[in-house]
Amino acid sequence: MIAREYGYPVLPGAALGTPGVEEVLRRRERAGRRWAFPALGALGLPAVLLSSRGGPAAAFGVVAGVAFLVVLGLFLLWRRARRRERSVLATYGWQVWPYRGEKVTVVSGHRPGGRRWSHAGRVVLLAPDGQSHCSFPPPGGDWDGPRPGRKAGGTGRAVEDLPRGARGEVWFAGDTRFGGVLAVPGGLPFRYVTRDKPGTRRGDPEEDELARRAGLLRTRP
């Protein structure tokens, strides 16, 4: 594990055992079913009943069928991400990494004649020499629970609130070649993150086995 090679602390036990993490996972899983199942039911019934009829009713049935497939596809992608998130947290312990906050330019949309650009924060995990090891979106944007250090009525800061150049520590569970779960120290809030392109560093057999077990690495030697 690269964190151990760098001399960074790796906390004992699986990250899934951190108090509050299991509760958040279950809440996210329930939330997905709450929006997906009613939507699938509302679209699936008209698609079945109306698509075999003629005229405008059949056209509406076809539209409902297409919408049903779109919602189903989104739900399956969402469920796969939640399963991968749980698998990573059950496989890895928290690694304590130094980080630097940065702002990067990303494509936020498209418009006639070109792309629309915006700025987004990144958490840059640092090697011992202070250079960038890899970077991920910060946790907190999709957080649905309390933030550590935030008092009732207070204005506690999450990682994404930190100014450019801010430094500190973050917790990471996973393999930095592929992705994993990034968290504020303490384990909450956390966010499942992936790299756009896998890292090129070769892992040792133990690293690759852990990555396969967590679903981050699909190939076998």
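In which helix is L77 found? In this predicted model, L77 turns up in helix α3. With a relative accessibility of 49%, L77 counts as partly exposed, because the label "exposed" is kept for values over 50%. L77 also belongs to a nonpolar patch on the surface, together with W35, V62, V66, V70 and L74. Taken together, these residues offer about 560 Å² of accessible area. Helix α3, which runs over residues 55-91, supplies the largest share of the patch, with five residues.

Now for the inside. The largest nonpolar core counts 37 residues, and L89, Y92, L125 and F190 are the ones with the most contacts within it. Strand β4 (residues 167-175) gives the largest share of this core, namely four residues. As for Y92, its contacts beyond four places in sequence include M1, G13, A173, D175, E207 and L216.

Aromatic rings come next, and the structure holds five aromatic pairs. One of them joins Y8 and W97 edge-to-face, with 5.1 Å from centre to centre and 65° between the planes. Y8 sits in the loop between α1 (2-6) and α2 (21-50), while W97 is part of strand β1 (residues 95-111), so this pair ties together parts 89 residues apart in sequence. Y8 and W97 are both buried, and along with Y6 they make up one aromatic cluster.

W94 and W171 form a tilted pair, because their planes meet at 40° and their ring centres are 5.8 Å apart. Here the loop between α3 and β1, home to W94, is tied to strand β4, which holds W171, so the link spans 77 residues in sequence. W94 counts as buried at 3% relative accessibility, and W171 is buried at 16%.

Methods: Residues numbered from 1 in each chain as written. Predicted model: local features only at pLDDT ≥ 70, side-chain atom pairs only at ≥ 80, totals over all residues. Heavy atoms only, no water. Patch = residues over 30% accessible without salt bridge, like charges linked within 9 Å, V, L, I, M, F, W, Y side chains within 5 Å. Areas by Shrake-Rupley, 256 points an atom, 1.4 Å probe, with all protein chains shown as cover. Salt bridge = Lys/Arg side-chain N within 4 Å of Asp/Glu carboxyl O. Helix = DSSP H or I, 4+ residues; strand = E, 2+ residues; numbered from the N terminus. Buried < 20%, exposed > 50% of the residue type's maximum accessible area, 1.4 Å probe, protein only. Core = buried A, V, L, I, M, F, W, Y, C linked by side-chain atoms within 4.5 Å. Contact = heavy atoms within 4.5 Å. Phe/Tyr/Trp six-rings, centres within 6.5 Å; stacked < 30°, edge-to-face > 60°.
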